[in-house]
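Here are a few exercises to work through with the model open beside you. Try each one yourself before you read its solution.

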Amino acid sequence: VLSIDETEYALTASRRVVSSGRVTINVYNRGMDDHDFVVEDSTGRSLGQSILLPGASDQLVITLPAGEYKLVCSLFRGTAISHEALGMVTGLRVQNPPGVTTLARRR
């Protein structure tokens, strides 16, 4: 389980590393402005999103393989007032649990 707090203009994760597989993300908008929350893979593809009014919360359950991900508020992306540019972004590393390895299939 991962908890995310969003405020103006910060996105704070309860942890930066989680185990691969099914990940539960509890998102809280503790700010006074609307925010959203997006999980993106290394190519920028959205894997899950929540839209949160002030004081609202949501829960996302996403299956994530090992890798690097971006957690971000994407409001006003591409503009000078984008929430991401103002600091609402952090990274997440997903790794296989100890003792679990991924075997590549040979062809």
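**Exercise 1.** In which sense do S8 and S9 pair, and over how many bridges?

*Solution.* Keep in mind that this is a predicted model. Start with the pairing itself: S8 and S9 run antiparallel to each other, joined over six bridges. Next, pick out one of the residue pairs: Glu68 has Arg93 in S9 as its bridge partner. Then step back to the general picture: strands of a sheet are held together through backbone hydrogen bonds, in either a parallel or an antiparallel way.

**Exercise 2.** Place this pair in its sheet: what is the strand order, and which strands lie at the edges?

*Solution.* The sheet is open, has five strands and follows the order S3-S9-S8-S5-S6, with mixed pairing. At the edges are strand S3 (17–19) and strand S6 (46–52), each of which pairs on one side only. From one strand to the next, the twist averages 20°.

**Exercise 3.** Compare two residues of the loop between S8 and S9: is His83 buried or exposed, and how does Leu86 count?

*Solution.* First locate them. His83 sits in the loop that links strand S8 (67–72) to strand S9 (89–95), and Leu86 also belongs to the loop between S8 and S9.

Now apply the cut-off. Buried means under 20% relative accessible area, so His83, at 4%, is buried. Leu86 has 41% relative accessibility and therefore counts as partly exposed.

Finally, look at the surroundings. Beyond residues up to four places away in sequence, His83 touches Tyr9, Asp34, His35, Cys73, Leu75, Phe76 and Met88. Leu86 joins Tyr9, Phe76 and Ile81 in a nonpolar surface patch, whose accessible area together is about 380 Å².

**Exercise 4.** Where is Leu52, and which residues does Leu52 contact outside its sequence neighbours within four places?

*Solution.* Leu52 is found in strand S6. Its relative accessible area is 1%, so Leu52 is buried. Its contacts, with neighbours within four places in sequence left aside, are Glu6, Val27, Asn29, Asp34, His35, Asp36, Ser57 and Asp58. For a distance check, take Arg30: 22 residues separate Leu52 and Arg30 in sequence, and their C-alpha atoms are 9.7 Å apart.

**Exercise 5.** What separates the C-alpha atoms of Asn96 and Val18 in space?

*Solution.* Asn96 is in the segment that follows S9. With 27% relative accessibility, Asn96 counts as partly exposed. Along the chain, Asn96 and Val18 are 78 residues apart, and their C-alpha atoms are separated by 8.5 Å.

Definitions and conventions
Residues are numbered from 1 along each chain as its sequence is written. This is a predicted model: local features need pLDDT of at least 70, side-chain atom pairs count only at pLDDT 80 or more; totals for chains, interfaces and linings use all residues. Side-chain values use heavy atoms; hydrogens and water are left out. Buried means under 20% relative accessible area, exposed over 50%, partly exposed in between (1.4 Å probe, protein chains only). Contact means heavy atoms within 4.5 Å. Patches are made of residues with over 30% relative accessible area and no salt bridge: like charges are joined within 9 Å, nonpolar side chains (Val, Leu, Ile, Met, Phe, Trp, Tyr) within 5 Å. Accessible areas come from the Shrake-Rupley method with a 1.4 Å probe; for residues, only the protein chains shown count as cover. A salt bridge is a side-chain nitrogen of Lys or Arg within 4 Å of a carboxyl oxygen of Asp or Glu. Two strands pair if DSSP finds at least two bridges between them. Axes are lines fitted to C-alpha atoms, for helices over the stretch in contact, and angles run from 0 to 180 degrees between N-to-C directions.
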